[in-house]
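Let's take a walk through a protein model together. Keep the sequence and the 3D view open while you read.

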Amino acid sequence: MSKVFPEALLLIGRVIGPHGVRGLLKIKSYARSEASLLTAGKIYLRLSPGEISEHEILSAVPHKGVSLIRLEGLDSRAEAEPYRGAEIFIQKVAVSRDKEEYFWHELIGLRVYLETGRYLGTVKEILPTAGNDVYVVREGKAEFLIPAIYDVVKTIDLENGKMIISEVEGLLDLNEV
């Protein structure tokens with residue numbers, strides 16, 4: 001059981017299940033690369049609220065669209081099996097980022113406005129793509145897919161919970177709102 005407080009942790013993935021017979025965990029990572037896991041050094045697995053265990057990461061490699069990680073002390077499939085479905089966290093202080101980089105959890109729920117002040121909806125989810133992320137903005141039945149690029153996203157104001165975007169020709173069907 002870890003003494004780290006949940007507010008000091010950042011959710012970065014989920015355990016899909018064991019892989020093979022030597023205790024590897026197959027995970028769905030929300031991080032851009034396995035390097036994020038290795039840099040953190042330790043991960044925290046939560047199976048249920050209040051139950052967080054700390055583990056040293058020995059290796060992390062990509063494998064067929066997921067990642068395989070080896071943790072200290074997990075040496076068999078039977079030892080890895082109880083972690084199926086666990087949420088994976090790292091300490092927030094282990095993550096470095098540039099001034100204009102944001103965690104997904106900071107963006108989900110932001111209210112989105114055009115530069116003209118017109119309200120479009122809230123960021124409900126983020127879709128990773130090869131070129132850039134795409135923010136899914138919804139309000140009622142209206143849905144907008146906003147590319148996370150500088151030409152479109154003008155301001156992200158976390159303190160006030162809003163995002164300002166430019167109205168790019170052909171990007172938005174404003175008859176929906």
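**Strands side by side**

Start with strand 8 (residues 119–127) and strand 9 (residues 134–139), which run antiparallel and are joined by five bridges. For two strands to count as paired, DSSP has to find at least two bridges between them. Helices (H or I, at least four residues) and strands (E, at least two) are DSSP runs, numbered from the N terminus. Before going on, note that this is a predicted model, in which local features need pLDDT of at least 70 and side-chain atom pairs count only at pLDDT 80 or more, while totals for chains, interfaces and linings use all residues. Residues are numbered from 1 along each chain as its sequence is written, and side-chain values use heavy atoms, with hydrogens and water left out.

Back to our strands: Glu125 has Val136 of strand 9 as its bridge partner, and a hairpin of six residues takes you from strand 8 to strand 9. Carry on along the chain and strand 9 pairs with strand 10 (residues 142–147), again antiparallel, over six bridges. Here Glu139 is matched with Ala142 in strand 10. This hairpin has two residues between its strands, and Gly140 in the turn has a positive phi of about 60°.

Now zoom out. The protein chain holds three helices and 12 strands, and its C-alpha atoms fill a box of roughly 55 × 35 × 30 Å along the principal axes. Of its 177 residues, 38% are buried; buried means under 20% relative accessible area, exposed means over 50%, and partly exposed is in between (1.4 Å probe, protein chains only).

So what sits inside? In soluble globular proteins, nonpolar side chains tend to be buried together. A nonpolar core is a set of buried Ala, Val, Leu, Ile, Met, Phe, Trp, Tyr and Cys residues joined through side-chain atoms within 4.5 Å. The largest one here has 20 residues, and Leu25, Leu37, Ile43, Leu45, Ile69 and Leu71 have the most contacts inside it. Among the elements supplying at least two residues each are strand 1 (9–19), helix 1 (34–40) and strand 6 (87–91). Strand 1 gives the most, with three residues. Apart from this core lies another, of 18 residues, including Val112, Ala142, Ile156 and Met163. You have met Ala142 already, as the bridge partner of Glu139.

Which residues does Leu71 touch, not counting those up to four places away in sequence? They are Leu25, Ile43, Leu45, His55, Glu56, Ile57 and Leu58, where contact means heavy atoms within 4.5 Å.

Next, look for rings. Rings of Phe, Tyr and Trp (its six-membered ring) pair if their centres lie within 6.5 Å; planes under 30 degrees apart count as stacked, over 60 as edge-to-face and the rest as tilted. That rule gives one aromatic pair. Tyr113 and Tyr119 form this tilted pair, 5.3 Å centre to centre with 55° between the planes. Tyr119 is partly exposed because its relative accessibility is 27%.

Finish with two loops. Gly20 lies between strand 1 and strand 2. Gly20 and Arg77 are 57 residues apart in sequence, yet 6.7 Å apart in space, C-alpha to C-alpha. Lys64 is in the loop between strand 4 and strand 5, and its phi is near 50°, a positive value in a residue other than glycine. Why is Lys64 called exposed? Because its relative accessible area is 77%.
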